[in-house]
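Student: I am new to this structure and would like a close look at one single part of it. Could you start from that part and then work outwards, connecting it to what lies around it?

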Amino acid sequence: MECQGSSLEEITTLCKSKGVDFNITSGGTIKGSNVTGIPHAFLFGADGNLITEKGLHGAEAEKTVSAALKECGAALAGPGPYTKLAPLAAQIKSGIGLGSIMKTLTTKTSSKDATEAAEATMMLTALQTGAKDQLEGAIEKKKEDPLSALLKFDHLSQQFVGDDIAKKASEQSATMRKDPLIKKELEGATMWKMIEGWNDKLKPVKGIKDPKDPAFVKLNLETLQGLVAGCRTIIQRCPNTKAAEHAKEYIENYVPAGK
Amino acid sequence: MRSFMAGIGLALLVMCSATHATSVNDIVLGKREFGTNLAPKDLKGKVVMVVFWGTH
């Protein structure tokens with residue numbers, strides 16, 4: 001997303017000279033994001049959730065993106081090539097109803113048609129491995145990033161409904177939701193989402209939301225003060241949560257403006 | 001001002017506890033400048049990287 005108001009000609013010239021083969025837009029945004037400098041990247045997983053907006057540079061970015069791609073429907077189907085079971089591979093790519101696809105594949109592994117049986121075995125193995133890796137990855141993430149882990153468990157429990165993976169993911173989710181610390185994380189996340197919504201309403205000056213710009217501060221003073229007050233409420237009510245971390249960072253950026 | 005801040009505090013206290021996190025649904029694509037046309041539905045089920053950048 002180009003955000004310096006460059007002309008179409010400037011953008012096109014630069015993209016062609018760099019051999020860009022991805023999409024460039026202008027005037028776009030991510031609701032609730034707090035971009036105060038560029039470049040600033042956001043990575044979303046195949047499940048639709050934000051993976052990170054930090055460390056998306058160089059080798060670390062490559063590692064993070066590679067890990068995310070493994071969870072993509074296209075990767076879950078395995079390398080193929082598939083001929084007899086191509087429609088099932090396409091269904092897997094959609095990422096929906098994977099539990100029932102696993103059941104179908106299990107039946108087809110004992111097909112009298114040798115090609116079909118071989119393809120079913122390959123596809124089923126890839127799907128089972130991918131699902132298991134995702135479940136184990138979420139379990140490992142429980143301490144470090146409980147909210148992401150919880151979202152992953154919920155996603156897996158829907159995506160693989162009818163399979164044991166969904167059952168295990170659902171159990172993990174239910175256990176986590178009983179944990180008082182997780183309840184606080186959820187409460188904090190909901191409150192933070194609201195802060196993000198209000199943050200979106202800040203009016204930019206010359207297209208930029210710069211808390212160090214006196215004109216921006218003057219224009220948004222009341223909202224900024226309210227946002228800082230909201231952040232302080234989160235820190236107080238949900239200490240040691242991700243939301244409190246975000247709130248502290250937010251205050252560090254905006255307190256000179258909204259104290 | 002005070003009432004506005006009290007309003008924020010109150011709103012934060014009474015919210016429900018559903019899971020909310022930033023997702024691809026929060027992406028507003030904007031105007032296409034280069035490459036193919038993308039619709040929000042094209043982002044579903046895919047790994048998506050969004051970079052805010054500038055030519056200058």
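Tutor: Once its neighbours within four places in sequence are left aside, B:Gly45 is in contact with A:Ala46, A:Gly73, A:Ser94 and A:Gly95. These contacts are read from a predicted model, and they are a good place to begin. B:Gly45 itself sits in the loop between β2 (31-34) and β3 (48-52) of chain B. With 19 C-beta neighbours inside 10 Å, B:Gly45 counts as partly exposed, because a residue needs 20 or more such neighbours to be buried. Within its own chain, B:Gly45 can also be placed relative to B:Val24, which is 21 residues away in sequence and 9.7 Å away in space, taken from C-alpha to C-alpha.

The chain that carries this loop comes next. Chain B is built from one helix and three strands, and from the N terminus on these elements follow the order α-β-β-β. Of the 56 residues in chain B, buried residues make up 18%.

From the loop we can step back to the whole contact between the two chains, in which 61 residues of chain A are in contact with 43 residues of chain B. On the side of chain A that touches chain B, the elements that give two or more residues are α1 (8-18), β1 (24-26), β2 (29-30), β3 (40-44), α2 (58-69), α7, α9 and α10 of chain A. The largest share of that side, eight residues, comes from α9(A). Sorted by class, the side of chain A that touches chain B has 32 nonpolar, 22 polar and seven charged residues.

Since α9(A) has come up, its packing inside chain A deserves attention. In general, two packed helices are described by the angle between their axes and the distance between the axes. For α9(A) and α10(A) the angle is about 170° and the axes are 10 Å apart, which makes α9(A) roughly antiparallel to α10(A). On the α9(A) side of this contact are A:Gly188, A:Met191, A:Trp192, A:Ile195, A:Trp198 and A:Asn199, and they meet A:Thr223, A:Gly226, A:Leu227, A:Gly230, A:Cys231 and A:Ile234 in α10(A). The residues of this contact divide into seven nonpolar, five polar and no charged.

α9(A) also packs with α7(A), at an angle of about 90° and with the axes 10 Å apart, so α7(A) is roughly perpendicular to α9(A). Here A:Pro146, A:Leu147 and A:Leu150 of α7(A) make the contact with A:Ile182, A:Glu185 and A:Ala189 of α9(A). By class, the contact of α7(A) with α9(A) has five nonpolar, no polar and one charged residues.

These helices can now be set within the domains. The domain assignment of chain A gives domain 1 (73-178) and domain 2 (181-258), and the C-alpha centres of the two domains of chain A lie 38 Å apart. Five residues of domain 1 of chain A are in contact with four residues of domain 2 of chain A. On the domain 1 side of that contact, the elements that give two or more residues are α7 and α8 of chain A, and the largest share, three residues, comes from α7(A). The same side of domain 1, divided by class, has four nonpolar, no polar and one charged residues.

Beneath these contacts there is a nonpolar core to consider. The largest nonpolar core has 47 residues, and those with the most contacts inside it include A:Ile92, A:Met123, A:Cys231 and A:Ile234. Among the elements that give two or more residues to this core are α4 (86-94), α6 (114-141), α7 (146-159), α9 (180-200) and α10 (214-237) of chain A, and the largest share, eight residues, comes from α6(A). Domain 1 and domain 2 of chain A both give residues to this core, so it lies between them. A second, separate core of 15 residues includes A:Ile30, A:Phe44, A:Ile51 and B:Val24.

Two backbone details in loops of chain A complete the view. A cis peptide bond, with omega about 0°, joins A:Gly80 and A:Pro81, and A:Pro81 is placed in the loop between α3 (73-76) and α4 of chain A. A:Asn240, in the loop between α10 and α11 of chain A, has a positive phi of about 60° although it is not a glycine. With 11 other C-beta atoms within 10 Å, A:Asn240 is exposed.

Note on methods. Residues numbered from 1 in each chain as written. Chains lettered and ligands numbered in written order. Predicted model: local features only at pLDDT ≥ 70, side-chain atom pairs only at ≥ 80, totals over all residues. Core = buried A, V, L, I, M, F, W, Y, C linked by C-beta atoms within 7 Å. Buried ≥ 20, exposed ≤ 12 C-beta atoms within 10 Å, placed from the backbone. Helix = DSSP H or I, 4+ residues; strand = E, 2+ residues; numbered from the N terminus. Domains from an automatic or database assignment. Axes fitted to C-alpha atoms, helices over the stretch in contact; angles between N-to-C directions. Parallel < 35°, antiparallel > 145°, perpendicular 65-115°, else oblique. Contact = placed C-beta atoms within 7 Å. Nonpolar A, V, L, I, M, F, W, Y, C, P; charged D, E, K, R; others polar.
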